[in-house]
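Subject: structure for you to look at

Hi,

Here is the structure I promised to pass on. Have a look at it first, and then read my notes below.

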Amino acid sequence: MKLLVLNGPNLNLLGTREPGIYGSQTFEDYFKNLTKKFSGVALSYKQSNHEGELVTIIQQADGMYDGIVLNAAAYTHTSVAIGDAIKAVGVPVVEVHISNTFAREAFRHHSFISPNAKGVILGFGLQSYDLAIQSFL
Ligand code: DQA
């Protein structure tokens, strides 16, 4: 099983970004643990702060991966283009969020990803990614 973990804008700052919401672990450290925990899965990790680059990565993932674990971060709530990209490709996407977006500001309650995702996991901290990977297994 080949899975791509794809993070959107500002998630490169995990560890120092609003630790009260997102915790104090860097994603790189967490990802090392993930690869150990899921040693039977070929896990890749990409991050971009750019909407168009995320679209391109999703398009290129088609046929290359069995699934994408996607945290589109703020683009979740704004990006028709990322929603359309998911609709356009055959690769299944599980949407994840570290925080419970429904317990936060109203603008975080809408997602352009969810209608096109296989499922949504949110609010479990970084463990949301573990759960998303498990959902593919
Ligand atoms: C987030 C939630 C988004 O609303 C926010 O813009 C993020 C992170 C999360 O993982 O909780 O950047 O996707």
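Let me start with a small detail: Gly63 follows α3 and has a positive phi, near 85 degrees. Bear in mind throughout that this is a predicted model.

Now to α3 itself, which spans residues 51–61. Its buried residues are Leu54, Val55, Ile57, Ile58 and Ala61. They sit on the same side of α3, because the arc they cover around the axis is only 165 degrees. The general background is that an α-helix has 3.6 residues a turn, so residues three or four places apart point the same way. As for what lies over those buried residues of α3, the cover includes β1 (2–7), β2 (42–47), β3 (67–71) and α4 (80–88).

α4 can be read in a similar way. Here Ile82, Gly83, Ala85 and Ile86 are the buried residues. Their arc around the axis is only 160 degrees, so they fall on the same side of α4. Lys87 and Ala88, on the other side of α4, are exposed. The cover over the buried residues of α4 includes α3, β3 and β4 (93–97). So that pairing shows up from both ends: α4 is among the elements covering α3, and α3 is among those covering α4.

Then there is α2, residues 27–37, where Phe27, Tyr30, Phe31 and Leu34 are buried. They span an arc of only 100 degrees around the axis, which means that they lie on the same side of α2. Lys32 and Lys36 are exposed on the other side of α2. The buried residues of α2 pack against β1, β2 and α5 (127–136).

On to the ligand, which I suspect you will open first. Which residues surround it? The shell consists of Arg17, Tyr22, Asn71, Ala73, Ala74, His77, His97, Ile98, Ser99, Thr101 and Arg108. By type, that shell divides into four nonpolar, five polar and two charged residues.

Three of the side chains to check for polar pairs with ligand oxygen atoms:

- Asn71: a polar side-chain atom lies 2.8 Å from an oxygen atom of the ligand.
- His97: a polar side-chain atom is 2.8 Å from an oxygen atom of the ligand.
- Ser99: an N or O atom of the side chain is 2.6 Å from an oxygen atom of the ligand.

The ligand taken alone exposes 320 Å², and the protein buries 99% of that.

Two single residues are also worth a click. Ser79 is in the loop between β3 and α4. Is Ser79 buried or exposed? Its relative accessible area is 0%, so Ser79 counts as buried, the cut-off being under 20%. The side chain of Ser79 makes a polar contact with the side chain of Glu51, at 2.5 Å. Setting aside neighbours within four places in sequence, Ser79 is in contact with Glu51 and Phe112.

Gly20, found in helix α1 (residues 19–22), is the opposite case. Its relative accessibility is 83%, so Gly20 counts as exposed, the cut-off being over 50%. In sequence Gly20 and His110 are 90 residues apart, and in space they are 22 Å apart, C-alpha to C-alpha.

Over to you!

Technical notes. Residues numbered from 1 in each chain as written. Predicted model: local features only at pLDDT ≥ 70, side-chain atom pairs only at ≥ 80, totals over all residues. Heavy atoms only, no water. Near = heavy atom within 4 Å. Polar contact = N/O pair within 3.5 Å; in protein donor to acceptor, adjacent residues only side chain to side chain. Areas by Shrake-Rupley, 256 points an atom, 1.4 Å probe, with all protein chains shown as cover. Nonpolar A, V, L, I, M, F, W, Y, C, P; charged D, E, K, R; others polar. Buried < 20%, exposed > 50% of the residue type's maximum accessible area, 1.4 Å probe, protein only. Helix = DSSP H or I, 4+ residues; strand = E, 2+ residues; numbered from the N terminus. Arc of directions from axis to C-beta. Contact = heavy atoms within 4.5 Å.
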